[in-house]
Structures are given as C-alpha cells and as structure tokens.
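This report describes the fold, the helices and selected residues of one protein chain. The sequence and the structure are shown first.

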Amino acid sequence: MSISRAIFVVTVLFPPMIVCAAQTAAGSGPVATSGTVSASTSFSPVAPSSILQRPLDEVQQTVGAVKLDKWKKGSVRDEAANNIDAIQRYMQGTLPALMKEGDAAPGTLSKVLPVSRNVDALYDVMVHIVEAARVSAPGDQVAQLQQAMADLEKARVAFGNQLQQTATVQEKQLVELRSTVQTQAASLKAASAQPPAPKCSVPPAPAKKKKTPVKPTTAKPAAGTAAPAPAATSTNPPAKPQ
C-alpha cells in the first residue's frame, strides 16, 4: 500500500475525534469538586515531538539516502521509489502541521490522535519499503532501513502508551465530576424537601388577675356575754343654758 493511499484512508475514513468532554464540562461553569479530581495532578502528557521527532528525522534521512540505482530493476524497485518520494513529501508538508497542533495541546485527544494515526500510516509504508529492500537492495541499505523502522516502532509504542494514559486520566476526571454533580444535586433536593423551620414568635404576656375586694369582718361576741347595746340617739335638742 502506498503512502498516498494510507494517508487517504487515515484522513478520510478516520477524521479527528472530538474527545473534549471534560474540558467542555469544565468550561460550562464552575463546578465544586471538593478536591476529588486528583488524577490531573499525577500525570502530564509531553509534547508529541519529544517522543516522535528524533525517529521521524531518522526515517527522513534514511529514505533520503537510499540509492535506488543499486537496487535490482523491476516493479519492486519502482514501487519503493514511489513510496520513498511520497514519504519525503508527506514529512515535509502534512506531518509538521499536525505535530505543531499536537505540541500546542498534548493533553487534548482531538489534537494528538491525528498525529498517532498518521505516524501509524507512515510506519506501514516503511514496512513495505523494508520488504522491498530485502528483495532488491544491497545489504547495507537494508540494515539502515530496518534500523530506522525499528526506532520508529519504539516511538509509536511509547506515544500510544501516552495516549492511553491520557484517555484514562480524562475518563477518571469525568467520572469524578459526574459523581460530584450527582452528590450536590441530591443534597440540594434533600434540602428543598425539608419543612421550613418554625418562625420565632414572642409568647403572649400572661393575663393580669383581678383583685377581689376584701369585705370588712365584724367581730362576734364571745359566748356568754351580752352584745353591747347600741348607743341611743336623742332626738331632743340640747337644753339651752340659763
């Protein structure tokens, strides 16, 4: 399979995936996480170029140094020549732009997945070139191409491991955020279902008791004694002095 066909399959059948749910959720509004999202502090992905750039440069230099005039003539050499030419054009045009976007956001899967898929396609084409070299190329060129392919394979594996770890961290963040939101929603629902607290009211003042007038009491005479006679009142006027 030629590099042009591989790149076409990668870019058309596998468009960049938009896997930014965590960032979208974070950007939609402040969410209190109560310090539960600890995964983000334990892992920080590095730029794709720090893993892939050296082996990519090695591939470009190796295929550029291939001397096809020393290969056996035939369709195998012709196909290898087309693949080498396509690799050189691809690595000078398409891949640098993808690498730049991935380096700018190494933790965003929608930016780094295209880099991974295109490097995979590049590796597949290198496999075809190495197989063709085993048939038609001198031994020294075969060894150089095999070394470049092996180094690119190691970088692919390392970069794939980083992608897997990035996806795992973001998935954990989403689970923790979802759990926090559900807990807060349940707390708000429980709080709204509770009856309102009774209003504080001042107790009424106690009613004043009416005072009952005390009736005067008359002393009763002791037994065996006569009650004193009431004083007689004279109706005659007093005599005038003579």
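## Helix 4

In this predicted model, helix 4 carries a kink of about 25° at Arg54. The proline Pro55 follows shortly after that position. The helix comprises 17 residues, and its first and last C-alpha atoms lie 23 Å apart. This span is close to the 24 Å expected at 1.5 Å a residue.

The buried residues of helix 4 are Pro48, Leu52, Pro55, Leu56, Glu58, Val59, Thr62 and Val63. Pro55 thus appears both beside the kink and among the buried positions. The cover over the buried residues of this helix includes helix 5, helix 6 (109-136) and helix 7 (139-193).

## Helix 5

Helix 5 covers residues 75-104 and has 30 residues. At 1.5 Å a residue it should span 44 Å, and its end C-alpha atoms are 42 Å apart, which agrees. The helix bends by about 45° at Met91.

Met91 is also one of the buried residues of helix 5. The others in that set are Arg77, Ala80, Asn83, Ile84, Ala86, Ile87, Tyr90, Leu95, Leu98, Met99 and Gly102.

## The loop between helices 4 and 5

Gly74 is located in the loop that joins helix 4 (48-64) and helix 5. Is this glycine buried, exposed or partly exposed? Its relative accessible area is 32%, so Gly74 counts as partly exposed, since that class lies between the limits of 20% and 50%.

Along the chain, Gly74 and Ser136 are 62 residues apart, while their C-alpha atoms are separated by 8.6 Å.

## Arg134 in helix 6

Arg134 belongs to helix 6. With a relative accessible area of 54%, Arg134 is exposed, because the class of exposed residues begins over 50%.

Apart from neighbours within four places in sequence, Arg134 is in contact with Val142 and Gln146. Trp71 is 63 residues away from Arg134 along the chain, and the C-alpha atoms of the two residues are separated by 10.0 Å.

## Rings and charges

How many aromatic pairs does the structure hold? The number is 0. A charged residue does lie over a ring, however: Arg156 is placed over the face of Tyr123, at 4.4 Å from the ring centre.

## The chain overall

The protein chain has 7 helices and 0 strands. From the N terminus on, its elements follow the order α-α-α-α-α-α-α. Of the 242 residues in the chain, 30% are buried.

Among contacts with a separation of 6 or more, 84% join residues 24 or more positions apart. The exposed surface of the chain is about 16700 Å², and carbon and sulfur atoms supply 59% of this area.

Conventions. Residues numbered from 1 in each chain as written. Predicted model: local features only at pLDDT ≥ 70, side-chain atom pairs only at ≥ 80, totals over all residues. Heavy atoms only, no water. Helix = DSSP H or I, 4+ residues; strand = E, 2+ residues; numbered from the N terminus. Buried < 20%, exposed > 50% of the residue type's maximum accessible area, 1.4 Å probe, protein only. Contact = heavy atoms within 4.5 Å. Areas by Shrake-Rupley, 256 points an atom, 1.4 Å probe, with all protein chains shown as cover. Phe/Tyr/Trp six-rings, centres within 6.5 Å; stacked < 30°, edge-to-face > 60°. Lys NZ or Arg CZ within 6 Å of the ring centre and 35° of its normal. Expected span 1.5 Å × (residues − 1). Bend = angle between axes of the 7 residues up to and from the residue.
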